[in-house]
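Biologist: I have a few "why is it called that" questions. Could we go through them together with the structure in view?

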Amino acid sequence: MNDMRILERSVDQTDAKISAKDVQVYYGDKQAIKDVNVDILDKTVTAFIGPSGCGKSTFLRCINRMNDTIDVARIEGSIKLDGEDVYDKRVDPVQLRARVGMVFQKPNPFPKSIYDNVSYGPRIHGLARNKAELDEIVEKSLRGAALWNEVKDRLQEPGTGLSGGQQQRLCIARAVATQPEVLLMDEPCSALDPIATGQVEELIDQLRSEFSVVIVTHSMQQAARVSQKTAFFHLGYLVEYGDTDDIFTNPRDPRTESYISGRIG
Amino acid sequence: MNDMRILERSVDQTDAKISAKDVQVYYGDKQAIKDVNVDILDKTVTAFIGPSGCGKSTFLRCINRMNDTIDVARIEGSIKLDGEDVYDKRVDPVQLRARVGMVFQKPNPFPKSIYDNVSYGPRIHGLARNKAELDEIVEKSLRGAALWNEVKDRLQEPGTGLSGGQQQRLCIARAVATQPEVLLMDEPCSALDPIATGQVEELIDQLRSEFSVVIVTHSMQQAARVSQKTAFFHLGYLVEYGDTDDIFTNPRDPRTESYISGRIG
Amino acid sequence: MTDATIPAGASPQAKDSLLVPDARTRKRNASEARFRAYGLGAIVIAVIMLLILLFTIITDGIGAFRQTYLTIPVTLDAQQLDPSGNRDPEDLKKILTLTYGNMLNGAVEGVIAESGIQVADLTEKDVNDLISKEAAAQLRNRVLANPELIGQTVESRVLVNGRVDGYYKGRVSMASAALDGNTSPQQLQLADALKDAGLLATRWNWAFLSNPDASDQRPEAAGVGIAILGSLYMMLVVLFLAVPIGVAASIYLEEFATKNRLTDIIEVNISNLAAVPSIVFGILGLAVFINFSGLPQSAPIVGGLVLTLMTLPTIIIATRASLKAVPPSIRDAALGVGASKMQSVFHHVLPLALPGILTGTIIGLAQALGETAPLLLIGMVAFVKNFPSAPPEGLFDPASALPVQVYNWTQRADPAFIERASGAIIVLLVFLLCMNLLAIYLRRKFERRW
Amino acid sequence: MPVSWTMLIVLALAVAGFFVTRGRAVALADGDTRRLHSRPGYYGWNAALLAAVPALFVTAIWRFFWPGTSPTLISVVALALALGGIAFALSRTSPAFRARNAVESIVKALLILCSSIAILTTAGIVLSMLFETGNFFSQYSWTEFFFGTTWSPRFGGGSQLGMLPLLWGTLYISLIALVVSVPIGLFAAIYMSEYASPRLRSFAKPMIEVLAGIPTIVYGLFALITVGPMLRDYFAQPLGLGSSGSSVMTAGLVMGIMLIPFVSSLSDDIINAVPQSLRDGALGLGSTHSETIRKVVLPAALPGIVGAILLAASRAIGETMIVVMGAGAAARIGVNPFEAMTTITVKIVSQLTGDTDFAAPETLVAFALGLTLFVITLGLNIVALYVVRKYREQYE
Amino acid sequence: REQIQVAGSSTVLPYATIVAEAFGENTDFPTPVVESGGSSAGLKKFCEGVGENTIDIANASRAIREGEVEACAAAGVTDIMEVRIGYDGIVFASDINGNDFVFTAADWFNALAAEVVQDGKVVANPYTKWNEIRAELPDQEILAFVPGTKHGTREVFEEKVIAAGCEETGAAEVFAAEKADEDAAEAACMALRTDGKSVDIDGDYTETLARIQSSPNGIGVFGLSFYENNTDKLKVATIGGVTPSTETISSGEYPVSRPLFFYVKKQHIGTIPGLKEYVEFFVSDAMAGAGGPLAEYGLVADPELAATQQAVADEATMAK
Ligand SMILES: Nc1ncnc2c1ncn2[C@@H]1O[C@H](COP(=O)(O)OP(=O)(O)OP(=O)(O)O)[C@@H](O)[C@H]1O
Ligand SMILES: Nc1ncnc2c1ncn2[C@@H]1O[C@H](COP(=O)(O)OP(=O)(O)OP(=O)(O)O)[C@@H](O)[C@H]1O
Ligand SMILES: [Mg+2]
Ligand SMILES: [Mg+2]
């Protein structure tokens with residue numbers, strides 16, 4: 001039902017959906033991201049990989065300005081979405097976040113019912129004209145996140161009463177339901193079993209036909225499976241960025257190589 | 001430093017460290033665990049695998065009675081630690097939990113400094129007589145959890161300011177620092193990169209020489225790597241339990257087989 | 001460090017039975033039990049104190065809801081009440097309560113004579129004072145409202161005086177009456193005799209809830225009608241101003257304001273306002289609302305405004321604390337799906353903070369409901385006899401308030417007012433209880449852990 | 001009062017504006033609300049707010065600052081403003097109009113306005129007392145006021161109005177009240193939020209809250225009739241500490257009881273809001289419940305608890321009736337808690353409501369006391385703010 | 001505004017309410033609103049200015065002061081009518097079951113002064129029991145509940161009892177000789193002891209009564225009307241052999257009393273309906289006269305009531 005809009009929206013895509021220039025991020029005095037330059041393409045899945053604490057989540061949160069909520073965080077450089085600087089004074093971060101959705105690393109369902117969790121985004125963005133459409137969006141999103149079968153009988157129960165993996169899938173469904181142009185996913189499958197992981201990967205693959213997806217993952221296999229582009233972060237630097245196949249088969253930077261082969265952490 | 005004690009402790013081990021009989025768990029009306037019977041051996045790593053929402057965390061939380069904190073949760077059957085029913089009226093859950101440590105699925109560092117997070121357990125159990133001993137425990141635990149190098153300069157900063165993976169390792173360090181006899185780990189590596197995962201697996205392997213470890217994981221590879229025994233859960237049932245090698249190479253139950261081969265979720 | 005450094009038995013890991021706690025655990029459990037006992041003790045202390053206070057209030061005040069009445073036939077002598085005989089209301093008004101009082105006295109004497117009551121040493125004063133001074137006024141109003149009654153003999157139920165009433169509530173005894181200049185044992189004997197004759201009875205007294213205050217000589221006629229209205233009006237003002245303003249201010253300070261010197265100043269300011277003695281708010285109200293902006297004296301609107309300013313800090317402090325307690329991940333989640341800051345606050349944070357907001361509101365309103373001092377200066381600690389009209393105009397009419405009534409009555413010389421004061425406190429507590437019930441309901445609805 | 005009717009009419013207009021504009025927005029989008037920038041409700045709200053806010057604001061300000069103006073004029077202007085607001089909102093309504101942002105900026109402005117009321121109140125308090133305080137100091141030496149140790153106002157002049165005994169009494173009585181209410185309140189809060197069954201909690205909490213609503217005069221009488229004589233007969237006299245029926249201890253104890261709900265209810269909410277995962281973390285390490293509370297939950301809840309305690313302290317400082325009846329009216333400096341003392345607040349009230357000459361220093365001193373107390377508590381609050389900042393623990 | 005607004009002294013309040021109630025009952029005017037809040041606050045409001053939102057009448061338990069009249073005039077309140085309604089007797093009373101007391105002013109001075117004269121020397125008050133002061137007094141601890149410094153009664157108590165006692169005992173002369181100047185001597189005469197034997201009461205007479213009930217040793221200072229309403233709990237003491245009553249006070253035999261007033265804003269007569277009628281009603285014989293309800297309640301009727309009535313009828317303002 002929303003296909004029309006999605007098409008409209010993606011008409012004037014440039015190749016670089018998001019382009020970051022000289023991004024530096026500081027938490028107080030500590031610099032967490034250093035000189036990152038990267039172009040994230042439309043209709044592409046980009047994987048961010050790198051050792052824990054290297055700044056993947058931080059960079060991800062810069063893209064939709066979620067870092068605005070951390071008092072001590074400070075960002076320099078520019079990040080452009082469709083050629084417009086997201087840190088421009090005139091930009092409404094709300095609209096930005098509606099276009100750039102996010103799944104957080106720690107599942108954080110609202111303390112509301114499962115249905116309300118998923119329908120929240122569509123509701124505030126007016127994506128459905130009536131209850132039936134809303135129901136449809138909810139079902140579609142939950143199906144996409146491979147959660148429908150498990151929760152279809154308990155949509156009115158609280159989202160916080162779900163298992164860890166279910167919560168994570170709920171958060172994915174919630175993000176998908178808003179139909180963003182870019183979807184940022186911070187380790188969406190970390191708590192999922194292989195089958196659910198497979199289903200989510202399938203969802204990502206579907207999404208790719210219309211949006212751009214950025215996924216943080218610790219699993220090289222997953223990165224290799226779902227992404228077309230991979231960015232390798234290390235100690236706050238973007239060490240290497242390129243086609244996934246290249247990176248995994250033929251890394252240019254020695255750090256990338258040792259990470260992939262399991263030598264540095 | 002605790003080697004002697006650890007030896008002492010393991011002298012009179014029986015083979016079954018924990019044995020569960022006809023365990024049923026209900027959340028309100030919903031039954032989450034059905035008829036589970038299992039013996040968990042001492043000095044062994046047992047992996048719990050199964051699709052998301054099948055009851056792994058629930059069962060894990062039964063073992064050290066963490067389910068007591070959930071109002072709606074109700075348990076039937078018996079779980080014995082060293083032959084003593086942990087649900088006996090006379091059992092003090094505090095003592096139980098000191099002996100059966102736990103790492104939770106969602107990292108939950110205390111809003112205190114990193115140092116205080118790790119030293120919390122040793123302090124309340126009086127494991128160190130002075131500051132120096134405490135420092136040593138903290139360092140050893142953080143090293144074990146592969147976090148020492150990243151945080152050694154910022155031990156006084158809040159644990160909540162760490163990255164997702166760092167928080168998870170902090171929680172592992174915190175659990176290890178209390179020196180439990182049984183360590184329950186709910187997806188301890190889900191947010192870790194391969195190297196950190198490797199280090200934690202190494203830690204688990206070390207721990208095994210003295211304690212019994214139960215680990216929930218979604219990664220078959222990990223289960224295969226670290227565990228000697230594997231239990232497969234499905235829809236609340238313990239479908240199959242046996243030597244890890246057997247389960248992965250020669251599953252008896254068709255459901256196990258299809259899960260391992262990636263067909264059911 | 002070697003193993004020797006670890007004292008034997010000190011470790012929880014020593015392979016003890018789970019069923020037998022080791023020494024350290026026992027110690028910790030003992031301290032756990034102590035801790036828990038402290039908690040329970042604290043609640044018990046608080047509840048016992050409450051019960052003691054409630055008990056004294058209720059035993060003292062329940063009497064205010066009962067009143068002793070004398071039922072007698074009164075002949076409304078046309079000669080006295082309408083000398084001109086034309087039933088002209090203007091002329092009827094010229095007959096003052098004094099005449100009616102004499103008529104009532106005559107009626108009592110008539111009843112005594114008729115039923116043959118004999119009391120030794122009964123003086124005329126004893127008889128005349130038996131009936132409340134209020135009775136004459138009531139009778140006059142009845143006649144003015146219905147001039148046809150003139151010339152007839154009507155059954156009248158009249159209030160008896162406060163001492164005789166007190167005699168039936170145990171406040172006055174024959175012994176104390178002997179010492180008391182306002183009554184006498186003879187009067188009490190007369191009352192007993194009338195009671196035996198079935199003319200005098202102590203019954204449930206709705207008038208306490210509907211009557212206005214009465215002067216010092218008529219405790220038996222005093223009621224809390226105007227005070228209830230005044231308090232109600234003020235609470236409406238407070239509810240409609242303090243709660244929204246307080247919550248709005250907290251939201252701004254906690255969720256939107258950048259942390260800078262200005263917000264620090266506001267923050268300190270607010271907690272400081274909480275420490276300002278309530279009478280100072282009265283000074284403020286007098287200076288600003290009455291003298292500067294010309295609002296009327298003794299009006300609930302001014303009282304409400306002053307109490308609003310007084311309760312704001314309480315509501316703000318409570319609301320801010322509970323907003324602070326909502327985990328940031330909830331806000332992140334909302335922002336992450338493209339909700340605006342405002343939406344995340346109103347859709348998610350506020351409902352989660354609601355229990356705390358309710359607490360602040362309840363405590364703030366409770367405080368406002370029971371406050372007298374600021375009302376002293378804006379003229380609400382007053383004797384008001386005419387009911388205010390309905391809101392919104394009524395907000396500008398003079399009115400009293402429940403705590404004011406309590407304060408006034410506890411100052412009065414006649415001990416009968418002490419019972420009235422406690423009765424008014426009971427009414428006030430019922431008010432409070434209603435607010436609390438609402439809060440319980442709302443809390444039930446919104447409270448959850450995550 | 002036509003002004004209040006004007007306000008009601010304005011509100012009615014706002015409601016009408018809401019529906020009209022909302023309807024128009026939907027119509028402009030040909031019924032497909034997804035073509036609108038914001039949800040249709042926001043267009044309606046925009047109109048409602050534009051209608052109500054300026055009109056009500058102007059009415060209130062006008063009525064407040066120029067009370068003499070004819071109500072009819074005010075009403076006309078207010079209604080014109082309301083209608084103008086709706087018209088303006090309607091004219092701006094188009095699918096591309098950022099209604100949500102517009103509404104949010106209005107709401108934010110309202111929020112700011114509401115928080116500035118605190119500042120205005122402070123300014124009002126200071127201003128309404130400053131003039132009289134000035135009068136006071138022109139008649140009485142400030143050194144004697146601030147550093148004098150005798151408080152004895154007289155009708156015929158020649159009063160000694162040193163505030164130190166009052167300040168001492170204030171601090172002493174408040175301290176005792178806090179010593180009573182903080183442990184009881186905090187333990188009650190802990191028990192309610194951590195141990196008690198939901199049923200007990202939903203019953204105990206409002207019960208305890210009733211304590212805050214009992215008029216202080218009841219506490220005063222309780223102190224005077226019950227607690228005072230009891231303390232005197234069972235403690236003060238046997239211990240040889242005096243034979244005064246009213247004492248610092250009496251007032252402190254009784255006030256402490258009144259303050260219990262201030263500490264307990266607020267703290268209970270805050271403690272309850274600490275995420276369960278933190279408790280699980282601590283319990284999972286083998287802490288007892290009380291260790292979990294003391295070492296993890298309470299530190300995480302500390303800022304809110306300190307706020308609650310500050311609120312209780314504030315109430316203690318501002319309380320009158322209990323002190324009058326419980327502690328007596330004697331201004332003196334001493335350490336014996338079984339002696340009578342009095343507080344600044346009591347003296348403010350009594351000097352203001354007494355029979356002294358209203359232009360004499362004996363009455364005006366009330367304003368000076370009020371202002372001084374204001375400054376002192378301001379100082380205490382600033383200190384508290386910094387302390388809380390320093391020890392704040394943010395969870396998650 | 002329809003109703004008359006009255007504010008001021010809480011001592012006058014009961015009388016004012018009795019009159020207001022009767023006024024409302026017997027006339028077509030609404031019952032006046034009578035606030036309490038102290039003479040000072042009442043007069044201050046009274047002097048705030050002229051107009052609808054200022055009060056019409058201020059009750060006071062003392063005469064208006066010069067400074068207050070000036071402040072009034074400065075705010076435009078230039079025409080003030082002073083109406084004296086009668087006298088408030090001040091009595092000493094103790095628990096009904098306790099000892100009888102027959103006081104003199106000197107006893108009170110010796111009992112409560114901070115410093116007394118013993119053998120011609122000024123010493124800190126050494127007395128702890130009444131019979132140490134005078135053997136005829138009972139053997140009972142000294143404990144007096146005196147009005148706090150906010151109360152007008154305190155002023156009367158100090159002047160008519162303590163200062164008189166100071167003269168009577170001859171302490172005044174000794175102080176005059178010993179102290180630096182006249183003011184200091186006067187102050188020494190009126191300074192009350194602070195060791196807990198003399199307890200200030202900032203509350204009202206009900207508080208004093210409650211204190212006597214919880215400390216039956218105590219002797220309290222009350223208004224006559226309060227005592228008359230509580231004769232079953234209190235036993236009144238005589239001063240100089242005279243028992244206080246409306247008669248002895250109005251005849252001047254009993255020394256401790258004070259006049260009660262109210263002040264009327266003449267400028268409001270004519271604008272506020274019923275104002276003049278209320279004032280006239282108040283001072284009428286039926287109300288304030290010797291047999292009227294006010295006297296019945298404990299007001300000592302003013303022997304010069306007729307003059308007051310005349311002044312009210314003439315709307316005579318205070319001399320400037
Ligand atoms: N607090 C709770 N209240 C109600 N139901 C719950 C609660 N916690 C878990 N459940 C339900 O119990 C079932 C088992 O949950 P559990 O957390 O044990 O799954 P799991 O095997 O750990 O899954 P995952 O791998 O996703 O963490 C799920 O269906 C879940 O929705
Ligand atoms: N709120 C914060 N305050 C201070 N430092 C922070 C904060 N959040 C993250 N950091 C630090 O910034 C660095 C980068 O953190 P980030 O969360 O981006 O890592 P990450 O790559 O996502 O790691 P992981 O895979 O473990 O989630 C880390 O060193 C972390 O400790
Ligand atoms: Mg991360
Ligand atoms: Mg789980």
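Biologist: Why is E:Phe23 called buried?

Modeller: Happy to explain, and keep in mind that this is a predicted model. The relative accessible area of E:Phe23 is 1%, and buried means under 20%, so E:Phe23 counts as buried.

Biologist: And what makes E:Phe29 partly exposed?

Modeller: E:Phe29 has a relative accessibility of 26%. Partly exposed is the range between under 20% and over 50%, so that label applies to E:Phe29.

Biologist: How do you know that E:Phe23 and E:Phe29 form an aromatic pair, and what makes it stacked?

Modeller: Two values are needed here, because a pair of aromatic rings is described by the distance of the centres and the angle of the planes. For E:Phe23 and E:Phe29 the centres are 5.8 Å apart, and the limit for a pair is within 6.5 Å. Their planes differ by 5°, while stacked requires under 30 degrees. Over all chains, the count of aromatic pairs is 55.

Biologist: Let's step back to the whole chain. What is the secondary structure of chain E?

Modeller: Chain E has 15 helices and 14 strands.

Biologist: Why is chain E called as compact as a globular protein of its length?

Modeller: Its radius of gyration is 21 Å, and the globule rule gives 20 Å for 320 residues; the two are close, so the description fits chain E. Of the 320 residues in chain E, 62% are buried.

How values were computed. Residues numbered from 1 in each chain as written. Chains lettered and ligands numbered in written order. Predicted model: local features only at pLDDT ≥ 70, side-chain atom pairs only at ≥ 80, totals over all residues. Heavy atoms only, no water. Helix = DSSP H or I, 4+ residues; strand = E, 2+ residues; numbered from the N terminus. Rg over C-alpha atoms; globule rule 2.2 N^0.38 Å. Buried < 20%, exposed > 50% of the residue type's maximum accessible area, 1.4 Å probe, protein only. Phe/Tyr/Trp six-rings, centres within 6.5 Å; stacked < 30°, edge-to-face > 60°.
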